[in-house]
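Work through the exercises below with the model open. Try each task before reading its solution.

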Amino acid sequence: QICNQHNAEAPNLEQAFHRMAQTEPNLDHDVSWFLLPSYWAKALVALISFICFANSYDGDFVFDDSEAIINNKDLRAETPLGDLWHHDFWGSKLSSNTSHKSYRPLTVLTFRINYLFAGGFHPVGFHVINIILHCTISVLMIDVFSILLGGLQFTNKGRRLNLAPKTSLLAALLFAVHPVHTECVAGIVGRADLLCALFFLLSFLGYCKAFRENKEGHNFSIFWVLVSVILGAIAMLCKEQGITVLGLNAVFDVLVINKLNVLELIQKLLHKDKSLENAVLLRKGLLFRITLLMSGGASILYIRWRIMGTGPPAFTEVDNPASFAESLLVRVINYNYYYSLNAWLLLCPWWLCFDWSMGCIPLIKSVSDWRIIALAALWFCLIGLICQALCSEDSHKRRILTLGLGFLIIPFLPASNLFFRVGFVIAERVIYLPSIGYCILFTYGFSLLSKQAKRKKILAVAVLGILLINVMRCAFRSSQWRSEEQLFRSALSVCPLNAKVHYNVGKNLADKGNQNAAIKYYREAVRLNPKYVHAMNNLGNILKERNELQEAEELLSLAVQIQPDFAAAWMNLGIVQNSLRRFEEAEQSYWTAIKHRKKYPDCYYNLGRLYADLNRHVDALNAWRNATVLKPEHSLAWNNMIILLDNTGNLAQAEAVGKEALELIPNDHSLMFSLANVLGKSQKYKESEALFLKAIKANPNAASYHGNLAVLYHRWGNLDLAKKHYEVSLKLDPMAPGTKENYNLLRRKLEQLQKKGG
């Protein structure tokens, strides 16, 4: 549907609208830069974008990828597709008190499609899609920047003109190679920001299409305005920032389509100027479009609020310490300091870190802190830019500066702590969209310098140098995101006071079996943050394995004292208490863990071990049965049930449990081994032999498998085969208990048979 605005004074307004880009100064005129055909410019931007991040294509799943992808059940085929619309980004129910309320079902859907096409958790496909998305977005930026820098004008056939080909190419290249984007592209979780940006830009370009020229003159298409609102909603379903595009579309409409002077409008409002009424009549279309955008935005936010079900997410002080400061002044000062650091990352993206929380940026608690200078510098620059954007007599300058500031600030608002508390101090990924505003301001500044400079080529070479440095920085930073070890270690020099950085380095080392080094980093994490319960829990676990039980108990007791609902720490404390033979306390700790986490199969497994040590066999079997109900693939729990029933002479029940377990986990060789032992004792030699051989095929280097198969053959009378497997077992483990004695018995028996035969 097309709405036409007819008015006695409208024709002049219409002509002015379509001549706008021609009558205003051309930003490209004084810029010494490449002038390429549109398709070559887009090909160049796509190629440079690819070069920047290509080396991340075969990286691992790192950092948050584990929770959002590997541990997210919403990616798996057995999870109903409808669950995506009721779960958060991490796979938790939105109604849960522990949910982060990050509602991004379309992003999770793309992860699920990746998982299905790859046939499992293979990171290459995930990384390739991220790289393609960034290249696509960077190419789209040429069209976006051509509108923002050159204005919006169409030919008679409705084809949009690029009136700033040189500066739009420069701005798109600046965006494509900005190192702060590495987290979004090289980190798979950054898919949310990439998809959000894609639909954000499509929404903006769709809004621009609403103003294509036709024979009627100055008009707009309701269809494309509604398409823009829908694309904004899709952007928000990828990440929350997406909704801000509707605000930017409104700003663009006011400044570019209607060319309103905001300062002049405010002055007329204050003075109740009568000419304002005529201006309003001329711009009924603007009011209608703004109403559509506001109504659409309000509806989207209302639906989003209803889906969330409960209040905002609950974050802790370590996630965002400034938001927990008691003093309003301290909160305001630190929020503004965070803004200045975000601005610095755009200006000089040299110090990049995967996480900026937990003491990485100490709170400013006094106005005498030298870091106040950063706040002053930020607001000095912002106020200067705002004044120029509002007060300049040059309408071209007003438009570009206001749009630059709009794209810089409006997409950042959801991360600003102004409307609700966020769960981070600084997150490089949230600067992906605001960097559009930075690129506009940088390019405009370059054009002004070019206009004044006598040696324009030197200035162009300097900008080329910046682009080249950024490309190299992107490639280097991408290589750091290829593995957790490189990523975590890279943060040590940037945020040495960040307890989470030391924790993650320690965890990575522990996973690789380097416990001594892991202990060092865990201790440093606890020193930097004495309330860091996860570091205490992991350190306590390592000390428990090293039999340093007293210190392990102290750490785990402190962890549950600080966070009484920390179920994992309660379970680990129970294991330590069990090892110290304080059985009643261990049992109480296990049940406390289960109280705080109802579905906790590992805790039921450990509780079963405690009951087995106390000869409470029925309780042990019940606990292990609970573990297998909650986690049917819990091999250890099944094994212990089979072994306990075997040891207590309940062979028929042990056989039944073993067969039930193998139906659920058919390729588990340890279950085959345990059931084979039971069948052997029941004199079901053929079945037992088949399971032993299958277990040995799956794990040929297990000495006990060969040893017990030899015992079976020994009982069965297959002495030659018994001798063969005894020898294999002793070769694999010369100290295998009982095997040597049984082998010697067999040899004596064979010697006796030979003598009788002789």
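The exercises treat a predicted model and run from the whole chain to single residues and empty spaces.

**Exercise 1. Overall make-up**

Task: State how many helices and strands the chain has, and what its C-alpha trace spans along the principal axes.

Solution:
- Step 1. Count the elements. There are 34 helices and two strands.
- Step 2. Take the extents. The C-alpha trace spans about 125 × 55 × 50 Å.
- Step 3. Check burial. Of the 758 residues, 52% are buried.
- Step 4. Check the range of contacts. Take the contacts with a separation of 6 or more; 67% of them join residues 24 or more positions apart.

**Exercise 2. The nonpolar cores**

Task: Find which residues have the most contacts inside the largest nonpolar core.

Solution:
- Step 1. Size the core. The largest one has 215 residues.
- Step 2. Pick out the best-connected members. These are Phe145, Leu148, Phe204, Phe252 and Ile436.
- Step 3. Ask which helix gives the largest share. Helix 5 (residues 123–150) does, with 12 residues.
- Step 4. Look around Phe145. Beyond four places in sequence, Phe145 touches Gly150, Ser168, Ala171, Ala172, Phe175, Ile436, Cys439 and Ile440.
- Step 5. Look for another core. A second, separate core has 13 residues, including Ala68, Ile69, Val108 and Phe126.

**Exercise 3. Two residues in helices**

Task: Decide whether threonine 107 is buried or exposed, and do the same for arginine 398.

Solution:
- Step 1. Place threonine 107. It sits in helix 4 (residues 105–118).
- Step 2. Apply the cut-off. Buried means under 20% relative accessible area. Threonine 107 has 0% relative accessibility, so it counts as buried.
- Step 3. List the partners of threonine 107. Beyond four places in sequence, they are Phe89, Arg191, Ala192, Leu195, Leu237 and Cys238.
- Step 4. Relate threonine 107 to valine 189. The two are 82 residues apart along the chain, and their C-alpha atoms are separated by 9.0 Å.
- Step 5. Place arginine 398. It belongs to helix 16 (residues 395–409).
- Step 6. Apply the cut-off again. Arginine 398 has a relative accessible area of 15%, so it is buried.
- Step 7. List the partners of arginine 398. Beyond four places in sequence, it touches Asn261, Gln388, Ala389, Leu390, Ser392 and Glu393.

**Exercise 4. A pocket and a cavity**

Task: Describe the lining of the second largest pocket by class, then that of the largest cavity.

Solution:
- Step 1. Take the pocket volume. The second largest pocket holds about 1,300 Å³ of space.
- Step 2. Find its centre. Of 42 lining residues, Tyr339, Ser340, Ala343, Trp344 and Leu378 lie nearest to it.
- Step 3. Assign helices. Helix 14 (328–347), helix 15 (372–391), helix 16 and helix 17 (435–452) each supply at least two lining residues. Helix 14 gives the largest share, 10 residues.
- Step 4. Sort the pocket lining. It has 37 nonpolar, four polar and one charged residues.
- Step 5. Turn to the cavities. Four reach 30 Å³ or more, and the largest has a volume of about 80 Å³.
- Step 6. Sort the lining of the largest cavity. It divides into five nonpolar, two polar and four charged residues. Among the lining residues are Asp64, Asp65, Glu183, Val189, Arg429 and Trp481.

**Exercise 5. Annotated repeats**

Task: Locate the residues covered by the UniProt annotation "repeat: TPR".

Solution:
- Step 1. Read the record. The unreviewed UniProt entry gives 499–532, 533–566, 601–634 and 703–736.
- Step 2. Inspect residues 601–634. The span is 79% helix and 0% strand, with end C-alpha atoms 8 Å apart.
- Step 3. Inspect residues 703–736. The span is 82% helix and 0% strand, with end C-alpha atoms 7 Å apart.

Conventions: Residues are numbered from 1 along each chain as its sequence is written. This is a predicted model: local features need pLDDT of at least 70, side-chain atom pairs count only at pLDDT 80 or more; totals for chains, interfaces and linings use all residues. Side-chain values use heavy atoms; hydrogens and water are left out. On a 1 Å grid over the protein atoms alone, a cavity is a set of points where a 1.4 Å probe fits but cannot get out, and a pocket is an open set with protein on both sides within 12 Å along at least five of seven lines; lining residues have an atom within 4 Å of a point. Grid points are joined across faces, edges and corners, and a volume is the space filled by probe spheres set on the points. Ala, Val, Leu, Ile, Met, Phe, Trp, Tyr, Cys and Pro count as nonpolar, Asp, Glu, Lys and Arg as charged, and the others, Gly among them, as polar. Helices (H or I, at least four residues) and strands (E, at least two) are DSSP runs, numbered from the N terminus. Buried means under 20% relative accessible area, exposed over 50%, partly exposed in between (1.4 Å probe, protein chains only). Contact means heavy atoms within 4.5 Å. UniProt positions are given in the numbering used here, feature names are shortened, and annotations may be inferred rather than shown by experiment. A nonpolar core is a set of buried Ala, Val, Leu, Ile, Met, Phe, Trp, Tyr and Cys residues joined through side-chain atoms within 4.5 Å.
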